[in-house]
Amino acid sequence: MPLILNKLQLAASLFRSNLTPKVIPLKFLHLTFIQHDEAQDEKRANVAVPSSKDRTKIIPVEISMKYLKSKAYKETYGNDPVWKQYRRNYKGNILPRKTRATCIVCGLIATGSPCPICRDEYLILDYHNIDLLRQFISQYDGQILHYNFTGLCQKAYKDLCVAIIKAKEYGILTYDVPFRYYDYVEWKN
């Protein structure tokens, strides 16, 4: 009799484990499943936001490409890349391991010192915008410059990597190793 009860309990535990609902971790919960409070949305809409911090306006890539060739861009950045004059604000003397996760939260610049891409609304990371992408590629080996070197936030760096890889796959962006000519007269006897 105890043997039969043990088998029944084992079968019941197996059956119960199959019927238990799967628990979805909170980190995978999408924002569309969260109910929004309309009163909070109205309060946010009534707050005056400076236009310099608002990043909700969508700018086409064509305008960004024209901006890179404009006089305003030359006055702002000169002949240097966009990240050249940027200096990150960080606490203490030691540079943090990673840059911030993102500079733009809910369509607004959430930091006092945004990264070079997030601070200028006309710099759009897209695989068509080759002039901007070339500024973030090393001229010596064709590798993407590191975010600690350029100061990009993690979101902008991820978008940059995706745009560069996509441009290379489509053949829009190529990298050719320059051929070096050597004078072998010095080594002759």
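At 16% relative accessibility, glutamine 135 counts as buried in this predicted model. The residue sits in the loop that joins α6 (130-134) to α7 (147-150). Its side chain forms a polar contact of 2.7 Å with the side chain of tyrosine 73. When neighbours within four places in sequence are set aside, the contacts of glutamine 135 are Tyr73, Pro81, Val82, Trp83 and Leu145. Tyr73 thus appears both as the partner in the polar contact and in the list of residues in contact with glutamine 135.

Serine 138 is placed in the loop between α6 and α7 as well. With a relative accessible area of 15%, serine 138 is buried, because the value falls under 20%. Two polar pairings involve the side chain of serine 138. One is a polar contact with the side chain of aspartate 141, at 3.0 Å. In the other, a polar atom of the serine 138 side chain lies 3.3 Å from the backbone nitrogen of tyrosine 140. Beyond its neighbours within four places in sequence, serine 138 is in contact with Gln143, Leu145 and Tyr175. Leu145 is therefore a contact of both glutamine 135 and serine 138, since heavy atoms within 4.5 Å define a contact.

The protein chain contains 8 helices and 2 strands. In sequence order the elements run α-α-α-α-β-β-α-α-α-α. Of the 189 residues in the protein chain, 27% are buried. Considering contacts between residues at least 6 apart in sequence, 70% link residues at least 24 apart.

Glycine 112 belongs to the loop between β2 (108-109) and α5. Its relative accessibility is 75%, so glycine 112 counts as exposed. The C-alpha atom of glycine 112 is separated by 9.9 Å from that of lysine 53, although the two residues are 59 residues apart along the chain.

The structure holds 0 disulfides. The sulfur of cysteine 153 has its closest cysteine sulfur in cysteine 115, at 3.7 Å; this is too far for a bond, because a disulfide requires the two sulfur atoms to be within 2.5 Å. Cysteine 153 is buried, at 1% relative accessibility. Cysteine 106, in contrast, counts as exposed, with a relative accessibility of 74%.

The largest pocket was also examined. Its volume is about 480 Å³, and 17 residues form its lining. Ile104, Ile117, Leu123, Ile124 and Lys155 are the lining residues that lie nearest the centre of the pocket. Two elements, α5 (116-119) and α8 (154-170), each give two or more residues to this lining. The greatest contribution comes from α8, which supplies 3 residues. Classified by side chain, the lining of the largest pocket comprises 9 nonpolar, 2 polar and 6 charged residues.

How values were computed. Residues numbered from 1 in each chain as written. Predicted model: local features only at pLDDT ≥ 70, side-chain atom pairs only at ≥ 80, totals over all residues. Heavy atoms only, no water. 1 Å grid on protein atoms, 1.4 Å probe; cavity = no way out; pocket = protein on both sides within 12 Å on 5 of 7 lines; lining within 4 Å. Points joined across faces, edges and corners; volume = space filled by probe spheres on them. Helix = DSSP H or I, 4+ residues; strand = E, 2+ residues; numbered from the N terminus. Nonpolar A, V, L, I, M, F, W, Y, C, P; charged D, E, K, R; others polar. Buried < 20%, exposed > 50% of the residue type's maximum accessible area, 1.4 Å probe, protein only. Polar contact = N/O pair within 3.5 Å; in protein donor to acceptor, adjacent residues only side chain to side chain.
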